[in-house]
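The following exercises concern a predicted model. Each task is followed by a solution that proceeds step by step.

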Amino acid sequence: MDSVVNWFLDPLNWQGSAGIPNRLFEHVSLSGAALLVAALIGLPIGLFIGHTGRFATAVINIANIGRAIPSYAVLVIILPVSLQISPEYGLNVIPTFLAMTLLAIPPILVTTYAGIREVDRDLVEAARGMGLREPQILGRLEIPLATPVIVGGFRTATLQVIATATIGAVVGGGGLGRFIVDGFSNPSLPAQLYAGVILVAGLAIGLDIVLALIQRRITPRALRGPLDRWAGPAEQASPADSPGMG
Amino acid sequence: MLPGQQLIDFSWIGDHLGQIAERIGQHLELTILPVAIGFLIALVLSIWAVRQPIVYGPITAVTGVLYTIPSLAAFAVLIPITGLSLVSALIPLVSYTLLILVRSIVAGFRGVAPEVLEAAEGMGYTRTQRLIRVEFPLAVPMMIAGLRLATVTAIGLATVASIIGGDTFGGLGQLITEGLQTFFPTKYLLGAALSVVLAVSADVLFVQIERWITPWARAPGSAG
Amino acid sequence: MESSAGRAATVEFDQVSKRYGGSAKAGTPAAVNDLSLSIPAGRICVLVGPSGCGKTTSLKMVNRLIEPTSGRILLDGVDAAGRELTELRRGIGYVIQQTGLFPHQTVVENVGTVPRLLGWSGARIRERSEELLGLVGLDPAKYSRRFPSQLSGGERQRVGVARALAADPPIMLMDEPFGAVDPIVRERLQDEFLRLQEELAKTILFVTHDIDEAIKMGDLVAVFEIGGKVAQFGTPAELLASPASDFVARFVGTDRGLKRLALSRVADLTLHAAPTAVVGSDAGEARRRGLAASFQFVLLTDPANRPLGWIDAATLPESGPLTEALANPTSPFVNKRTTLKDALSLLLDSDVQVGIVTDRTGAVQGLVTVDMIAERMREGHIAPAYLVDAPPGAPADPAE
């Protein structure tokens, strides 16, 4: 335990490209970029199939299969492709980034779809009856009501992305996972292994709590459950996520 | 990939079918054991939470934190304590299933219509009889949904265990890690592909299981 | 074969109160306030009132889904509070509005619920369940293997009634049992249930907020008002003829004269004899007979005395046989079980305001007219015969 504290107190570990600030920056920036790209893809598709109901079953089934795929597998399946694209960065940033993006799309897409579908269809019908145009229905009614659910999807995607970024260290990527992988392969550095674990877990739990608070803040008071103050990562294990799988 | 190497070396696969089968067997063990243990723990926690709703919040908060810890960190943290044994892989894998299972089991129990419970009570079921004969069967579809997600999650996370555990845990992750270490794409791609096939098969299998054991949930109107 | 008839028990509420909110201190609003009712064996007692009046609470205190704060509930003279809870409940049929059928069990398994709890043999449960399905009008061959989700609302309610009857309980509690189905189905279920009750003669406590249903179903009706008090307890006829308070009068409605007609049946009237003539008989004789009467029509019947239609006597030939072609078949038919309310509305709707009363075989029994029904209303005492010897209830003091 002391050695872990000492490791954190060692100024050397706070400097340079292998220092904590840079590794944290690598981890967060790569995760953020992957989430952004995944959101740019997942959100519009989720909104479209949620609002229109078109192609929903097919898209959700594909997305659910995507959620079933192990992240480590995605990472290495992309590896030969990324080595082809760029022999220089092919072994670190690109496969990790692509894997993170691919893995973040399904939770965002599926929860966006589910959030929109959960909006009372009678309400949508009433809005249409009052003369709102389709984009207005989506913008003023469906999206605001679905936002807490959608944020839940981002929580899941964020966890997924942070975890995958950690594994990325195995294929030579940067980020906080480096401390764990290097600490493990060098038995003389147990403190580094533990420090890595603390940093990674702290980052994941901290981000999740922040997202949980945001989710709670934007949920209309009337819809809040009494026990859901912090009910762990969002997203119910609900069969409603998967209409007619198989 | 080394220069001049083929992406997939089929003759290697043909020569190592026994080893590959062994890895699949290990992976199934790494999946089924934690899901089974996790289900038993989650069932106890869930029944507790259903009977005393006040504990549901704390249970999901604790299992939620466990669920949030990135897998590589979770596997790494136990090695110095439990050493390179199967327990080091089982503990994180079990803890990952808990949140998923507790949530779905509790949702299953809470989803039982209040009038059904009242009818059961009014007809003279004891509390235990009602739990076993009415609430449990009606919670099964949600339990299966939870088991489906937990199993698929465990299959994925079990591949990560080999990064830390080496050949202690085995499984398809070991094929991937060895393949990466020896720059041998056939091996890591095969490990990855098989883990994908395993996860998707498990997913589809659970959908079928749910249909078999909940005949009452099938489309209304079809004469049984 | 189980017999479904003959077992019934008395139910007596003895100064029963229920207060919520922790303590039973005076001052806490009561859900049920000092309720005393005595329900004789084999009768339907309807608890009716606005929502929040304590009628459902009173019902649930009988099978102790809710425990009374004070007072006793006696079933056949035995205090329910002293009986083992599950044993008590298994001996009381319970039907609720949302049916509460078990979605994961087939119809036949649902009906066999209480017998299974009582440890009957599988064969006996099966036999009993199928018998009951037949009793409530569901063909066992067709319905046994279905799940509740595959039934219509009305069918579900029938299964709910069958399930409550399974162990032949002497008492049935029915909480708005027909409240969730559409009016047409509800009326059919009510009629069927009344017919069933004629055979079963259970003691039934029946909760509803619908005064028409209360008057139709109840041998006795307890009208509840807010605060958990009984405003009036008596037969439907008493309620309609002399409401005990303004509240009861308002609740019963301004059309209570008409409602009273629903309490009597055509069989309670002294019918006019019908001037019949059998097809094929002499037309001249029928003509003379018709013209001699003040009502100059003749009712043509077939040889089994079933009506074929009216013939204006003035149009009849002096001789020759009566033929069916002469008859005008437009005339309302009623039978002896038709309520006076229904008979009146039938008569007012038709061109010929004379109803032909037939028995079960379709044979002519006599005639009923609007005047006869109006006369009956003016007489005031419309009450079915069996209520003449109704035991003394415990009518609550409305002044209290």
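**Exercise 1.** Identify the bridge partner of V278(C) in strand 12 of chain C, and then describe the sheet formed by strands 11, 12 and 13 of chain C.

Solution.
1. V278(C) has T301(C) as its bridge partner in strand 12 of chain C. Strands here are DSSP runs of E with at least two residues and helices are runs of H or I with at least four residues, both numbered from the N terminus.
2. Strand 11 of chain C and strand 12 (residues 297-301) of chain C run parallel and are joined by 3 bridges. Two strands count as paired if DSSP finds at least two bridges between them.
3. The sheet is open and consists of 3 strands of chain C in the order 11-12-13, with mixed pairing. Its edge strands, each pairing on one side only, are strand 11 (276-278) and strand 13 (307-312) of chain C.
4. From one strand to the next, the twist averages 35°; axes are lines fitted to C-alpha atoms (for helices, over the stretch in contact), and angles between N-to-C directions run from 0 to 180 degrees.

Residues are numbered from 1 along each chain as its sequence is written, and chains are lettered from A and ligands numbered from 1 in the order in which they are written. Local features need pLDDT of at least 70, side-chain atom pairs count only at pLDDT 80 or more, and totals for chains, interfaces and linings use all residues, while side-chain values use heavy atoms, with hydrogens and water left out.

**Exercise 2.** Is N110(C) buried or exposed, and which residues does N110(C) contact?

Solution.
1. N110(C) lies in helix 3 (residues 107-111) of chain C.
2. N110(C) counts as buried because its relative accessibility is 0%; the classes are buried under 20%, exposed over 50% and partly exposed in between, with a 1.4 Å probe and protein chains only.
3. Outside its neighbours within four places in sequence, N110(C) is in contact with L101(C), F102(C), Q105(C), P148(C), V159(C) and R163(C). Contact means heavy atoms within 4.5 Å.
4. The N110(C) side chain reaches the backbone nitrogen of F102(C) at 2.8 Å and makes a polar contact with the side chain of R163(C) at 3.2 Å. A polar contact is a pair of N or O atoms within 3.5 Å; within protein, one must be able to donate a hydrogen and the other to accept it, and residues adjacent in sequence count only if both atoms are side-chain atoms.

**Exercise 3.** Describe the interface between chain B and chain C.

Solution.
1. The contact joins 24 residues of chain B to 26 residues of chain C.
2. About 2200 Å² is buried between chain B and chain C, with 62% on carbon and sulfur atoms. Buried area is the accessible area (1.4 Å probe) that two parts lose on being put together, summed over both.
3. In chain B, E118(B), M123(B) and W216(B) lose the most area to chain C, together 29% of what that side buries.
4. There are 2 salt bridges between chain B and chain C, a salt bridge being a side-chain nitrogen of Lys or Arg within 4 Å of a carboxyl oxygen of Asp or Glu. K60(C) and E118(B) meet through their side chains in a salt bridge (3.3 Å, N to O).
5. The count of residue pairs in polar contact between chain B and chain C is 6, both residues being at pLDDT 80 or more.
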